[in-house]
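Me: I've got a model open and I'd like to learn how to read it feature by feature. Can you walk me through it?

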Amino acid sequence: MVAAVIGADWFLVRYPGGHVWLILIGLLFFLPGRISAFWLKDLYRCRRFYDLERYPEAIDSGNRFLKTLESEPWRRKLIYLTWSLYTWNVEAMTRNNLGASFMMSGKFDPARQELAAAIALDPGYALPFANLAAIEAAVGNHSESKRLTLIAEKNGYSGTKAEKLADRVSAVYAQIQTASLNP
């Protein structure tokens, strides 16, 4: 923060009229997040409610977002205004979040259906495989859990501290995006 203020001060002293450029640069970084927060709000709400362990509300938000995508498919492209670690497919993200919410609610059959749908949409998306592996481990199917874990790892998921940090960053991002939306 201090470095940003010092850099802005240096820029303003060095370049008369630089305040216009600083405003434009600030808008360039600020606007994409606000646009995606508005148009993808139910995607972010689904994730936020999941993080708050409010699974029924996460499921409602996720289902609402899927219905919105059906009627307004152009929203799928707005994910490019933000960042994503594992997939750029917002429907796959939503289905994974729904699957995780069902899983944490103990509803394994609908969880499996949502996670399978996420995989069908993006076979390289690691998180649904990891979530399916967790379900299989929970029901005692350890060989299937191991197989799914290996696929998740092959697709880039390793469960390391760095990935846990990335997951936390994603959760914080969802929190920021929904702060003005009452989760």
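Reply: Sure. Let's begin with surface: accessible areas come from the Shrake-Rupley method with a 1.4 Å probe. For this protein, which is a predicted model, the accessible surface comes to about 10600 Å², and 63% of that belongs to carbon and sulfur atoms.

Me: What percentage of the residues count as buried?

Reply: The cut-off first: buried means under 20% relative accessible area, exposed means over 50%, and partly exposed is in between. Of the 183 residues here, 38% count as buried.

Me: And the overall fold: how many helices and strands are there?

Reply: Nine helices and zero strands. Read from the N terminus, the order is simply α-α-α-α-α-α-α-α-α. As for contacts between residues at least 6 apart in sequence, 61% join residues at least 24 apart.

Me: How do I read a single helix, say α4?

Reply: Compare its span with what the residue count predicts. Helix α4 covers residues 55-71, so 17 residues, and the expected span is 1.5 Å times one less than that number. The model gives 25 Å from the first C-alpha to the last, close to the 24 Å expected. Then look at which residues are hidden: in α4 the buried ones are Y55, A58, I59, S61, G62, F65, L66, T68 and L69.

Me: Which face of α8 do its buried residues line?

Reply: Start with the list: S145, L148 and A152 are buried in α8. Looking down the axis of α8, these buried residues fall within an arc of 70 degrees, so they line one face of the helix. On the other side of α8, S143 and K154 are exposed. The cover over the buried residues of α8 includes α7. As for span, α8 has 13 residues and reaches 18 Å, close to the 18 Å expected.

Me: Now the inside. What makes up the largest nonpolar core?

Reply: A nonpolar core here is a set of buried nonpolar residues joined through side-chain atoms within 4.5 Å. The largest one has 15 residues, and those with the most contacts inside it are A111, F129, L132, I135 and L148. Helices α4, α5 (90-104), α6 (108-121), α7 (126-138) and α8 (142-154) each supply at least two of its residues. The largest share, five residues, comes from α7. Apart from this core lies another, of 11 residues, with L43, L69, A92 and Y125 among them.

Me: What does L132 touch, leaving out residues up to four places away in sequence?

Reply: L132 touches R112, L115, I119 and L148.

Me: Is a glutamate like E136 buried or exposed?

Reply: Check the relative accessible area rather than guessing from the residue type. E136 sits in helix α7, and at 10% relative accessible area it is buried, because the cut-off is under 20%. Setting aside neighbours within four places in sequence, E136 is in contact with R112, N141, H142, E144, S145 and L148.

Me: How about S101 in α5: what is it in contact with?

Reply: S101 is buried, with a relative accessible area of 0%. Beyond neighbours within four places in sequence, its contacts are Y50, Y55, A58 and I59.

Me: Two tyrosines in that list! How do I describe a pair of rings?

Reply: A pair of aromatic rings is described by the distance of the centres and the angle of the planes. This structure holds one such pair. Y50 and Y55 form it, with 5.7 Å centre to centre and 55 degrees between the planes, which makes it tilted. Y50 is partly exposed at 23% relative accessibility, whereas Y55 counts as buried at 12%.

Me: Last one: where should I look for unusual backbone angles?

Reply: Look at the sign of phi: most residues other than glycine have a negative phi. Here E53 has a positive phi of about 60 degrees although it is not a glycine. E53 is in the loop between α3 (41-51) and α4, and is exposed, with a relative accessible area of 59%. Just after α8, G156 also takes a positive phi, of about 115 degrees.

Technical notes. Residues numbered from 1 in each chain as written. Predicted model: local features only at pLDDT ≥ 70, side-chain atom pairs only at ≥ 80, totals over all residues. Heavy atoms only, no water. Helix = DSSP H or I, 4+ residues; strand = E, 2+ residues; numbered from the N terminus. Buried < 20%, exposed > 50% of the residue type's maximum accessible area, 1.4 Å probe, protein only. Contact = heavy atoms within 4.5 Å. Phe/Tyr/Trp six-rings, centres within 6.5 Å; stacked < 30°, edge-to-face > 60°. Arc of directions from axis to C-beta.
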